[in-house]
Amino acid sequence: MKEKDIKMLLEQVKSDTISIDEAAETLKNLPYKDMGFANIDNHRALRTGFPEVIFCQGKTPQQIRDIMCELVKNGGNIMGTRATAADYEAVKEALPQAVFYEKARIIAVLGEEAEKGELPTVAVVTAGTADIPVAEEAAVTAEILGNKVNRIYDVGVAGIHRLFDKLDKIREADVVIAVAGMEGALASVVGGLVDAPVIAVPTSIGYGANLGGISALLSMLNSCANGVAVVNIDNGFGAAYMAAVINKNKTCQ
């Protein structure tokens, strides 16, 4: 439930459109709903501006389905990350409107139309093609959270002329997400070329000394470029969420 929903409910009580008892019934599951295996945070959208997101990894398809069915009662856009095709099939049985973004591994139920007018922009930039799955998690998340996304893939430092060819498009963005494995150099290069915040996402792509993304993570943390922040390895969702918060606060000013 969002702030606008609470205000609308209070206006209905004030105008005697609904009774106090009816309003109390609507609010009784705030701030959370205990489902036994999960406590659904119905209050999160009111507190943070974005509803709870389901991390599907480690949950059964049936648990994911039941959580999504509960969340969808409050409206808005519902999403689950790190989902499998089996998870999606379980959700789709109960919610036929659900969609599955296979590359991004995201299940979404889109119950809220995108706002009209010019949307804030996020550029999602990858070093290589192998980084695209993590980049797609970021790109789809950013779109669901109300941003326009420009995808700029396979422009890593091994052929840096490719990055320069796309620089005008990258510089149009309000926030840039730089996704890279190997040594993670892309984030520093982009950070030195744009005036927007850069959110760096190290990926687990690379040979042995990449250490499953730790080398890229440390490189990004040690970036000499200013304005670069770093999220966890392969955490495209976290990067996109932070980008959405930055853009939301910027548009509210």
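Strands here are DSSP runs of E at least two residues long, numbered from the N terminus along with the helices. With that in hand, take Thr 121, which sits in strand E7, residues 121–126. Keep in mind that this is a predicted model.

Thr 121 is a handy place to start. Its relative accessibility is 11%, and since buried means under 20%, Thr 121 counts as buried. What does Thr 121 touch, once its neighbours within four places in sequence are set aside? The contacts are Lys 148, Asn 150, Ala 173, Asp 174, Val 175 and Asn 247. One of these, Val 175, takes us straight into strand E9, which spans residues 175–180.

E7 and E9 pair in the parallel sense, with five bridges between them. If you want a spot to check by eye, look for Ala 123, which stands opposite Val 176 of E9. Moving on from E9, you come to strand E10 (residues 198–202), which runs parallel to E9 and is joined to it by five bridges. Here the pair to look for is Val 179 with Val 201 of E10 opposite.

So how enclosed is E9? Six of its six residues are buried, so the strand is largely enclosed by the rest of the structure. In a regular strand, side chains alternate between the two faces of the sheet. Looking at E9 face by face, Val 175, Ile 177 and Val 179 are buried on one side, while Val 176, Ala 178 and Ala 180 are buried on the other. In other words, both faces of E9 are covered.

Follow the chain out of E9 and you enter the loop that leads to helix H9 (186–191), where you'll find Met 182. Its phi is near 50 degrees, a positive value in a residue other than glycine. Met 182 counts as partly exposed, at 41% relative accessibility.

Leu 211 has a positive phi too, near 55 degrees, and again the residue is not glycine. Leu 211 belongs to the loop between E10 and H10. With a relative accessibility of 53%, Leu 211 counts as exposed. Which residues join Leu 211 in a nonpolar surface patch? They are Ile 214, Leu 218 and Leu 221, and the patch comes to about 380 Å². Leu 221 is in helix H10, residues 214–221, and it counts as exposed at 53% relative accessibility.

Now for another part of the fold. Four strands form an open sheet in the order E3-E4-E6-E5, with mixed pairing. Strands E3 (54–55) and E5 (99–101) stand at the edges with a single partner strand each, so one side of each has no neighbour in the sheet. E3 runs parallel to E4 (residues 77–81), and two bridges join them. In that pairing, Ile 54 has Gly 80 of E4 as its bridge partner. Across E4, E5 and strand E6 (106–110) lies helix H6, residues 132–144, running at about 15 degrees to E6.

Helix H6 also brings us to the charged side chains. Side chains of opposite charge can pair when their charged atoms come close. The structure holds five salt bridges, and one of them joins Arg 151 to Glu 136, at 2.7 Å from N to O. Arg 151 lies in strand E8 (residues 148–152) and Glu 136 in H6, so the pair ties together parts that are 15 residues apart in sequence. The two ends are not equally covered: Glu 136 is buried, with a relative accessible area of 11%, whereas Arg 151 counts as partly exposed at 34%. Glu 143 comes in here as well, linked with Glu 136 and Arg 151 in a network of salt bridges.

Two further salt bridges are worth a look. Asp 154 and Arg 162 meet through their side chains at 3.3 Å, N to O. Both ends are partly exposed, with Asp 154 at 31% relative accessibility and Arg 162 at 26%. Arg 65 pairs with Asp 66, the closest N and O atoms being 3.0 Å apart. Arg 65 is partly exposed, with a relative accessible area of 24%, and Asp 66 counts as partly exposed at 27%.

Conventions:
Residues are numbered from 1 along each chain as its sequence is written. This is a predicted model: local features need pLDDT of at least 70, side-chain atom pairs count only at pLDDT 80 or more; totals for chains, interfaces and linings use all residues. Side-chain values use heavy atoms; hydrogens and water are left out. Two strands pair if DSSP finds at least two bridges between them. Contact means heavy atoms within 4.5 Å. Axes are lines fitted to C-alpha atoms, for helices over the stretch in contact, and angles run from 0 to 180 degrees between N-to-C directions. Patches are made of residues with over 30% relative accessible area and no salt bridge: like charges are joined within 9 Å, nonpolar side chains (Val, Leu, Ile, Met, Phe, Trp, Tyr) within 5 Å. Accessible areas come from the Shrake-Rupley method with a 1.4 Å probe; for residues, only the protein chains shown count as cover. A salt bridge is a side-chain nitrogen of Lys or Arg within 4 Å of a carboxyl oxygen of Asp or Glu. Buried means under 20% relative accessible area, exposed over 50%, partly exposed in between (1.4 Å probe, protein chains only).
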